[in-house]
Amino acid sequence: QVQLVESGGGLVQPGGSLRLSCAPSRSLSGIYSMGWYRQAPGNERELVAKKIGASVPNYGDSVKGRFTISRDSATNTVYLQMNNLKPEDTAVYYCNAVTIGRSGNFDYWGQGTQVTVSS
């Protein structure tokens, strides 16, 4: 069973930066998209950023201009550079990968990494 392994979360002051990383535990073929979602206490999980193939990434409205998603196709590692962080960015961040293939479409999730923005 392939797992998505995340790293890079932590505590940061408002205005600071963090970089999240996510990579599959072993080779993952047929990747359609990779991205990041987040969930704050009492809220639903929401899209942060998603990259479908080589197309222009999609971003949630609240992070546009501050967050940047990128992907290393050779290792299928996806990164989320988060700048100018705000307290409302505090949440558990989850990595996601969607694969398509003859055996069907599959949705993979990481275990989540906590990001806390606080002074």
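Where is the place of N76? In this predicted model, N76 lies in the loop between β7 and β8. Because its relative accessibility is 13%, and buried means under 20%, N76 counts as buried. The side chain of N76 reaches the side chain of R71 through a polar contact of 2.8 Å. When residues up to four places away in sequence are not counted, N76 touches C22, A23, P24, L28, I31, M34 and R71. This loop residue is a useful starting point, and the strand that follows may be considered next.

T77 belongs to strand β8. T77 is likewise described as buried, because its relative accessible area is 10% and the limit for the buried class is under 20%. A polar contact of 2.9 Å connects the side chain of T77 with the side chain of T75. Beyond residues up to four places away in sequence, T77 touches C22, A23, S70, R71 and D72.

C22 appears in the contacts of N76 and in those of T77, and this cysteine deserves attention of its own. C22 forms a disulfide with C95, and the two sulfur atoms are 2.0 Å apart. The pair links distant parts of the chain: C22 stands in strand β3, residues 18-24, and C95 in strand β9, residues 91-99, with their positions 73 residues apart in the numbering. The angle about the S-S bond is -80 degrees, and the link of C22 and C95 is left-handed. Both C22 and C95 are buried. A search of the whole structure finds one disulfide.

The strands β3 and β8 also meet in a sheet. Four strands form this open sheet in the order β1-β3-β8-β7, with antiparallel pairing. Its edge strands are β1, residues 4-7, and β7, each of which pairs on one side only. On average, neighbouring strands of the sheet are turned by 15 degrees against each other, direction ignored. At one side of the sheet, β1 and β3 run antiparallel and are joined by four bridges. Within this pairing, V5 has A23 of β3 as its bridge partner. A23 is also one of the residues that T77 touches.

In a regular strand, side chains alternate between the two faces of the sheet. With this in mind, the reader may turn to the interior. The largest nonpolar core has 27 residues, and those with the most contacts inside it are W36, V48, F67, L80, M82 and Y93. The elements that contribute two or more residues to this core are β3, β4 (31-39), β5 (46-52), β7 (67-72), β8 (77-82), β9 and β11 (113-117). The greatest contribution comes from β9, which gives four residues. L80 offers a view of the surroundings: apart from neighbours within four places in sequence, L80 is in contact with L18, R19, L20, W36, V48, A49, F67, T68, I69 and Y93.

Other strands are connected through hairpins. The strands β4 and β5 pair in the antiparallel sense over six bridges, and G35 has K50 in β5 as its bridge partner. Six residues lie between β4 and β5 in their hairpin, and G42 in the turn has a positive phi of about 80 degrees. The strand β5 is also joined to β6, residues 58-59, by two bridges, and these strands run antiparallel. Here K50 is paired with N58 in β6. The hairpin of β5 and β6 has five residues between the strands, with G53 taking a positive phi near 55 degrees. A further antiparallel pairing, over four bridges, joins β9 to β10, residues 106-109. In that pairing V98 stands opposite D107 in β10. The hairpin of β9 and β10 has six residues between the strands, and G104 takes a positive phi near 125 degrees.

One residue of β5 remains to be considered, namely E46. Is E46 buried, exposed or partly exposed? E46 is partly exposed, because its relative accessible area of 36% falls between the limits of 20% and 50%. The side chain of E46 makes a polar contact of 2.7 Å with the side chain of R38. Leaving aside neighbours within four places in sequence, E46 is in contact with Y37 and R38. The C-alpha atoms of E46 and Y93 are separated by 9.6 Å, although the two residues are 47 residues apart along the chain.

Note on methods:
Residues numbered from 1 in each chain as written. Predicted model: local features only at pLDDT ≥ 70, side-chain atom pairs only at ≥ 80, totals over all residues. Heavy atoms only, no water. Disulfide = S-S within 2.5 Å. Buried < 20%, exposed > 50% of the residue type's maximum accessible area, 1.4 Å probe, protein only. Core = buried A, V, L, I, M, F, W, Y, C linked by side-chain atoms within 4.5 Å. Contact = heavy atoms within 4.5 Å. Polar contact = N/O pair within 3.5 Å; in protein donor to acceptor, adjacent residues only side chain to side chain. Pairing = 2+ DSSP bridges. Axes fitted to C-alpha atoms, helices over the stretch in contact; angles between N-to-C directions.
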